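Colleague: Please take a close look at one part of this model, the charged side chains and their surroundings. I would like a connected account, with the place and the exposure of each residue you bring up.

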Amino acid sequence: MSLFKVYPLFDITPVKAKDVLVYDDNGTEYLDLYGGHAVISIGHSHPEYVSAISNQVAQLGFYSNAIQNPLQEELAETLARVSGCSDYQLFMCNSGAEANENALKLASFHNGKERILAFRNSFHGRTSAAVAATDNPKIVAPLNAQQQVDFVELGDLEAVEAILVKNETCAVIVECIQGVGGLDESTTEFYKGLEKLCRQYNTLFIADEVQSGYGRTGDFFAFQKHGITPDVISLAKGMGNGFPVGGILIHPKFEASFGMLGTTFGGNHLACAASLAVLKVLEHENLMTNVKEVSDYFIEQAQSLKGLKNIKGRGLMLGLEFDFKVADLRKQLIHKHKIFTGSANNPNLIRILPPLTVQKQHIDQFLTALKSEL
């Protein structure tokens, strides 16, 4: 049987990794400044993480959500404390797309409306309503296009209100910092205005923190900078440091009912063990402080790069935007300098999404390589 080839692949085969370093089957060392799409939050193969998963799988790896799982309760309590979202309720699933599907479904259950409002350059997943709310027609099949979605420019409150006033929109879903779209972020005034409009027109406000959550911006969630209170927060990537896990945090004003949401694998024992280990390391190693310090250093040192137009994003969710297309530059970085970076819908932008354990010397290594190519 052959693989269904939907991924363009670099000719690199990783076999092991440690912290911010990845090693291929030839023993070549790579600096990971991409974290596998911002998934690796506490570094590859962190001892606390390895121990937690190993111990749990030796006891009980999985059973269904038809039984008690104290690890879910422990995770909810720990997440509430570390994130500062103490009043929310946790529903666990398996991925960011599934998190957004459940968030949108919950919204439609709540107010009985059918339409979704999303933003240009958004990315919310590849399934059903999540992909329909993603601004990329190439990955939206006719089946998905049956979902009713309105797209407006990020930052345009007038366009938002013109749609919400029709009383057809169940939810507004927004990345406070866009990921795949190219690290764009609007103003606090916009996000506060968006929250106000959602309250005014009985529309749920969903903050998609799948990529930006778990300390990546220096705050636990990107929306926290703006002093807003989303109705639902979706999370995934950094939550499990590579173990497939996702979830939504649901405002306490919403009441659950049996059967409203459900999942087979979501919140399983291994997923909980992985997620608890991530929060433990994030807190005990003060990684959000490290994010801010390394980010400040990166931004300061990168200012003098030749051809650089803009530095986008916050924390360790950064984009370097040049005045030329960067595809060839990224190939040089990976093949010649052995450094992983990321692309975006913006062809002139390199995405930087390293493990939150990255240090200043790794930034120096990257910038030295980049300057030599520029």
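Modeller: Lys-336 has a relative accessible area of 54% and is therefore exposed, the cut-off for that class being over 50%. Keep in mind that this is a predicted model. The side chain of Lys-336 forms a salt bridge with that of Glu-373, at 3.1 Å from N to O. Lys-336 sits in the loop between H10 and strand E13 (339-340), and Glu-373 belongs to helix H11 (residues 360-373), so the salt bridge ties together parts of the chain that are 37 residues apart in sequence. Glu-373 is partly exposed, with a relative accessible area of 23%. Charged residues also combine beyond single pairs: Glu-195, Arg-199, Asp-231 and Lys-253 are joined into one network by salt bridges that share partners.

Over the whole structure, the search finds 12 salt bridges. Among them is the contact between the side chains of Asp-184 and Lys-312, with an N to O distance of 2.9 Å. This pair links distant parts of the chain, 128 residues apart: Asp-184 is in the loop between strand E7 (169-174) and helix H7 (188-200), while Lys-312 is in strand E11 (residues 308-314). Asp-184 is partly exposed at 28% relative accessible area. Lys-312 has a relative accessible area of 13% and so is buried, since the limit for that class is under 20%.

Strand E11 takes part in another such link. The side chains of Arg-314 and Asp-219 meet in a salt bridge of 3.6 Å, N to O. Arg-314 lies in strand E11 and Asp-219 in the loop between strand E8 (204-208) and strand E9 (232-235); these distant parts of the chain are 95 residues apart. Arg-314 counts as buried, with 12% relative accessibility, whereas Asp-219, with 23%, counts as partly exposed.

Charge also collects on the surface. Glu-153, Asp-156, Glu-158 and Glu-161 gather there in a patch of negative charge. One of these residues, Glu-158, is in helix H6 (residues 157-164). Glu-158 is exposed, its relative accessible area being 69%.

The patch leads on to a buried residue in contact with one of its members. Phe-190 touches Asp-156, and its contacts also include Phe-119, Leu-154, Gly-155 and Leu-157, when residues up to four places away in sequence are left out. Phe-190 is part of helix H7. With 2% relative accessibility, Phe-190 counts as buried. Phe-190 and Thr-78 are 112 residues apart in sequence, and their C-alpha atoms are 31 Å apart.

For contrast with the charged patch, there is also a nonpolar one. Phe-4, Val-6, Tyr-7 and Leu-9 make a nonpolar surface patch of about 590 Å². Phe-4 is located in the segment before strand E1 (14-18). Phe-4 is exposed, at a relative accessible area of 76%.

Now back to helix H10, which precedes the loop that holds Lys-336. Val-326 is in the loop between strand E12 (317-322) and helix H10 (327-335). Val-326 has 3% relative accessibility and so counts as buried. Its contacts, not counting residues up to four places away in sequence, are with Pro-347, Asn-348, Leu-349 and Ile-350. From Pro-47, Val-326 is 279 residues away in sequence and 36 Å away in space, C-alpha to C-alpha.

Two asparagines in loops deserve a check of their backbone. Asn-202 has phi near 50 degrees, a positive value in a residue other than glycine. Asn-202 is in the loop between H7 and E8, and is partly exposed with a relative accessible area of 41%. Asn-241 likewise has a positive phi, near 55 degrees, and is not a glycine. Asn-241 is in the loop between E9 and strand E10 (246-250), and counts as buried at 4% relative accessibility.

To sum up the charged pairs: Lys-336 pairs with Glu-373, Asp-184 with Lys-312, and Arg-314 with Asp-219. Lys-336 is exposed, but Lys-312 is buried, and so is Arg-314. The acidic partners Glu-373, Asp-184 and Asp-219 are partly exposed.

Key
Residues are numbered from 1 along each chain as its sequence is written. This is a predicted model: local features need pLDDT of at least 70, side-chain atom pairs count only at pLDDT 80 or more; totals for chains, interfaces and linings use all residues. Side-chain values use heavy atoms; hydrogens and water are left out. Patches are made of residues with over 30% relative accessible area and no salt bridge: like charges are joined within 9 Å, nonpolar side chains (Val, Leu, Ile, Met, Phe, Trp, Tyr) within 5 Å. Accessible areas come from the Shrake-Rupley method with a 1.4 Å probe; for residues, only the protein chains shown count as cover. A salt bridge is a side-chain nitrogen of Lys or Arg within 4 Å of a carboxyl oxygen of Asp or Glu. Lys and Arg count as positive and Asp and Glu as negative; His and the chain ends are not counted. The place of a charge is taken as NZ of Lys, CZ of Arg, CG of Asp or CD of Glu. Helices (H or I, at least four residues) and strands (E, at least two) are DSSP runs, numbered from the N terminus. Buried means under 20% relative accessible area, exposed over 50%, partly exposed in between (1.4 Å probe, protein chains only). Contact means heavy atoms within 4.5 Å.
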